[in-house]
Amino acid sequence: MATVTAGPAPRRRTVRTFLPPQHGAWAMLLVPYLAGIVVGGFHWLDLPLLGAWLGGYLFSYYAFQAVKTRRPGRFREPLLLYGPVTAALAIPVLVARPQLLWFAPAYTVLLAVNGWFAWRRRERALVNDLASVVQSCLMVPVVAVVAGVAPTRVAVAGLIVLLYFAGTVLFVKTMIRERGVVAYTRGSVLYHLLAFAAAAVIGVVPALVFALLLVRAWSLPGRPLTPKRVGLIEIGACVLVLLAAWSGGQ
C-alpha cells in the first residue's frame, strides 16, 4: 500500500528563497535602530526607514550570495522583490532628510568590503563581520538625523551598541566556529575587558551590563551550548545593551 507524505518542504523552500538563515542578523538590524529611537526620539519617517533598512539587508544578502556563487539567476526572485521595495521606502526618507546622503560614502566602502569577501567566498572572516557591525551601528546616528536630532546626541549610545556587537562577533566565534581556539578565546576576553573599562567611564548601568558581558565571554567558551542557546543568551544581552544605551545617552 502506497503512503502519501505531506510535509512542509515546499513552504520551507519558499521561505529559504526569500528569508536568509541568518538569525543573528536580525538583532544587528533592530538593536541599533531601537537604540537610536530610545535616545534620539521617534519620528514617523522612522517607519519607512525601518522598512528600507530591513529590505536593504535582504537585498544585499542575496546580492552577495549571487556574487559568491557566480550564479545571479539563482537569486533573481528575491532581488527583484527587495530591490524595488527598498527603493520605494528609502526615496521618501531621503527626500525629506537629504542630509542622510552624508552616510553614503561610509556605507559604500563597508558594502564594498562585504562584496570583496563574498567574491573570495570568505564571508565568515573577522574583518567582514566587523564591517557588517559598523554598518549596523551607523543606524544609530541615521535614526537621529531622521528624527531631526544631531548625531552627537546619540554618540554615546552608538558607542555602546558598537562595543557590544564587536564583542559579540568574537564571543560567538569562540562558541561555534572557533570553538576551542585559545587565541580567539583570549582575544574575546581581552576585548570585553577593554569594553568594560570604556563602559565604566560612561556610567554605572553600562558598566554593570558590560561586566556581565565580560563574565559571559570568560565563563561560557568550552561549555556544551548549542547555537540556539547561545542565541537565547544574546537576546537577553541585547535587552541589557538597549538599557545601557538608554542610560548612557541621557
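1. Contacts of R216. In this predicted model, R216 touches Y164, T168, F171, H192, P221, I233 and E234, once its neighbours within four places in sequence are set aside. The residue itself sits in helix α10, which covers residues 204-219, and its relative accessible area of 7% places R216 among the buried positions, because buried is taken here as under 20%.

2. Polar partners of R216. A polar atom of the R216 side chain lies 3.1 Å from the backbone oxygen of L213. The side chain also takes part in a salt bridge with E234, where the closest N and O atoms are 2.9 Å apart. Since E234 belongs to helix α11 (residues 227-248) and R216 to helix α10, this pair ties together parts that are 18 residues apart in sequence. Both ends of the bridge, E234 and R216, are buried.

3. The salt bridges as a set. How many salt bridges does a search of the whole structure find? The count is 3, and the pairing of E234 with R216 is one such bridge. As a general matter, side chains of opposite charge can pair when their charged atoms come close.

4. The pair K68 and E123. These two side chains meet in a salt bridge with an N to O distance of 2.4 Å. The bridge links distant parts of the chain, as K68 is in helix α3 (residues 46-69), while E123 is in the loop between α5 (104-119) and α6 (126-137), 55 residues apart. Are K68 and E123 buried or exposed? K68 is partly exposed, with a relative accessible area of 23%, and E123 is likewise partly exposed, also with a value of 23%; both are assigned to this class because it spans the range between the 20% and 50% limits.

5. The pair K173 and D129. Here the side chains meet in a salt bridge at 3.1 Å, N to O. This pair, too, links distant parts of the chain, with K173 in helix α8 (residues 155-175) and D129 in helix α6, 44 residues apart. Both K173 and D129 are buried.

6. A nonpolar surface patch. Which residues make the nonpolar surface patch of about 440 Å²? The patch is made by V38, L212, L240, L243 and W246. Its largest share, 3 residues, comes from α11, the helix that also holds E234. L212, for its part, is found in helix α10, where R216 is placed as well.

Notes
Residues are numbered from 1 along each chain as its sequence is written. This is a predicted model: local features need pLDDT of at least 70, side-chain atom pairs count only at pLDDT 80 or more; totals for chains, interfaces and linings use all residues. Side-chain values use heavy atoms; hydrogens and water are left out. Helices (H or I, at least four residues) and strands (E, at least two) are DSSP runs, numbered from the N terminus. Buried means under 20% relative accessible area, exposed over 50%, partly exposed in between (1.4 Å probe, protein chains only). A polar contact is a pair of N or O atoms within 3.5 Å; within protein, one must be able to donate a hydrogen and the other to accept it, and residues adjacent in sequence count only if both atoms are side-chain atoms. Contact means heavy atoms within 4.5 Å. A salt bridge is a side-chain nitrogen of Lys or Arg within 4 Å of a carboxyl oxygen of Asp or Glu. Patches are made of residues with over 30% relative accessible area and no salt bridge: like charges are joined within 9 Å, nonpolar side chains (Val, Leu, Ile, Met, Phe, Trp, Tyr) within 5 Å. Accessible areas come from the Shrake-Rupley method with a 1.4 Å probe; for residues, only the protein chains shown count as cover.
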